[in-house]
Amino acid sequence: MLTDVEIAQNAKMEPIVKVAEKIGLDEDDLELYGKYKAKISLETIKKVEKNENGKLVLVTAINPTPAGEGKTTTMIGLSQALNKLGKNAIVAMREPSLGPCFGIKGGAAGGGYAQVVPMEDINLHFTGDIHAITAANNLIAAMLDNSIHQGNPLNIDVRQIVWKRVVDLNDRALRHTVCGLGGKVNGVPREDGFDITVASEVMAILCLATSLEDLKKRAGRMIVAYTYDNQPVTVDDLEATGAVTLLLKDAIKPNLVQTLDHAPVFVHGGPFANIAHGCNSVMATQLAIKLGDYAITEAGFGADLGAEKFLDIKCRQAGLKPDAVVIVATVRALKMHGGVAKKDLAEENLEALKAGLENLEKHIENIAKYDLPSVVAINAFPTDTEAELALLNECCQKLGVDVAISKVWEKGADGGIELANKLLEVLDTKEAHYHPLYELDLSIEQKIETIVKEIYGGDGVEFTKKAKNKIKKYTEQGLGDLPICIAKTQYSLSDQPTLLGRPTGFTVMINDIIPSAGAGFLVAISGDIMRMPGLPKRPAAVGMDIDENGKIVGLF
């Protein structure tokens, strides 16, 4: 089998103008970035606002394991299959960060014969959106330090600066730094640090904004520091809001590309799925809904993180009403949740699969709590046995959920026909009555407890003294009615990464609360959440190269 990059390089792409024509757009609606990439103009976004809405489908997954689940690949293949069936389906997905690309995870444009192209461009610099976010974030940092250097008129307490600089690479050496060294002319010395760009609140506000004006308002609300009397200092206070918005004037426009078989795809935004909500931009999703009969989108990590935040934060803020959810699982990953080591996953093990199925069952139950119908997509592997697949199908039938085998990695659109037909059947026969899990007028503690008990299956929540003080502080500052974004491990329903399957009897510890006032949510920190990843012992970058003809190798 060819590698992902070889498959992508062998694909014959259509000019992006021709792809746009399939969804009713012409060249005047596009801002071209070469022959195969384009941004959608803000005028076009306004023009299609009155179009009838298509069906909105979220693709999510079980808790991720090293065995792999293939959520993005399944989403892309599902759209390819729907289009092959004559449906007008559009994908709205996140754009990859360079950090994971050069680190351990690789790119995020799908895989096998269910990919988005030009794959090399999407996984590298693309249209420069993430670089613009980096510049905007670091402009705020520079203006913050300059304000302190120029007499500190805002009375900023240098011990309470919460805004970090960012870079779109994995670089552990930058996690904790000291800036302002070298004498009086070089600023005020203080402790600092870097996050990866996708963890910046600038990325979160870009992905939740509904217009350029909304983006500007969100940017102005972002909290960067606190004064000596504990009052928040915002981007508006720094008088940086206009310049920050200016840097993002092109990045806010969704990007249009295509699948291997020329179906339209919007790739736009990608906030860190722990510290933020982990979904592509609202504007890209709305475009897909207005221009397609079916809009297929995804959310980061498993359904306990990505789907919950999509449904309780993104949909609530943007007024989106999803029609169905696809939950991706693999026999291999479920066996790992059932206690099988990665090296033994190729062997049939019905007992382990039965134990691991409890993880899938919990996610199915959780989606039902939002009054949404779901379909289970089994991302097939050659090692799956008939007995294992039969057991999985039996489990889903008992829960009243449809299940379909997906072979899109191997066969592209043809491998997704069964899943596409099953989804269409569900959309035709089952009604969605979406509602958020909790009301915003609950206290901060009550909202966190609701998520922990209802979605994670925990017994309750413990708050550190620091977290309790933060809750009191933010409630007094009028932030208590914001939705909650819990940052915890993605590997477990609990806050302990080694508790696989469907753990019970656990309590989630909340260590800290961080306001994302611009994005419009409070981040509850559980465990040690890494905002600047490091590179593995042998980074993916080691295997990458480009020859004298410009041919790329090693990108995946």
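This tour proceeds through charged residues of the structure, one selection at a time. The model is a predicted one, and the residue numbers to enter in the viewer count from 1 along the chain.

**First selection: a patch of negative charge**

Select E21, D26, E27 and D28, which gather on the surface as a patch of negative charge. Then restrict the view to D28, which lies in the loop between helix 2 (16–21) and strand 1 (30–32). D28 has a relative accessibility of 71% and therefore counts as exposed, since the cut-off for that class is over 50%.

**Second selection: D29 and K47**

Next, select D29 together with K47. Their side chains meet in a salt bridge, with 2.8 Å from N to O. This pair links distant parts of the chain: D29 belongs to the loop between helix 2 and strand 1, K47 belongs to helix 3 (residues 42–47), and the two are 18 residues apart. Display the accessible surface and consider each partner in turn. Is D29 buried or exposed? With a relative accessibility of 4%, D29 counts as buried. K47, by contrast, counts as exposed because its relative accessibility is 53%.

**Third selection: D214 and R218**

Move now to helix 9, which covers residues 212–221. Select R218 and D214, which form a salt bridge whose closest N and O atoms are 3.2 Å apart. The two residues are four apart in this helix, so about one helical turn separates R218 from D214. Both partners fall under the 20% cut-off for buried residues: R218 has a relative accessibility of 8%, and D214 has a relative accessible area of 18%.

**Fourth selection: a network around K253**

Select E31, K249, D250 and K253, which salt bridges link into a network. Within this group, centre the view on K253 and D250. What is the N to O distance where their side chains meet in a salt bridge? For K253 and D250 the value is 3.1 Å. The relative accessible area of K253 is 10%, so this residue is buried. D250 is partly exposed, because its relative accessible area of 26% lies between the limits of 20% and 50%.

**Final view: the whole structure**

To close, clear the selections and return to the complete model. How many salt bridges does the structure hold? The total is 28, and among them are the pairs D29 with K47, R218 with D214 and K253 with D250.

Terms used
This is a predicted model: local features need pLDDT of at least 70, side-chain atom pairs count only at pLDDT 80 or more; totals for chains, interfaces and linings use all residues. Side-chain values use heavy atoms; hydrogens and water are left out. Patches are made of residues with over 30% relative accessible area and no salt bridge: like charges are joined within 9 Å, nonpolar side chains (Val, Leu, Ile, Met, Phe, Trp, Tyr) within 5 Å. Accessible areas come from the Shrake-Rupley method with a 1.4 Å probe; for residues, only the protein chains shown count as cover. A salt bridge is a side-chain nitrogen of Lys or Arg within 4 Å of a carboxyl oxygen of Asp or Glu. Lys and Arg count as positive and Asp and Glu as negative; His and the chain ends are not counted. The place of a charge is taken as NZ of Lys, CZ of Arg, CG of Asp or CD of Glu. Buried means under 20% relative accessible area, exposed over 50%, partly exposed in between (1.4 Å probe, protein chains only).
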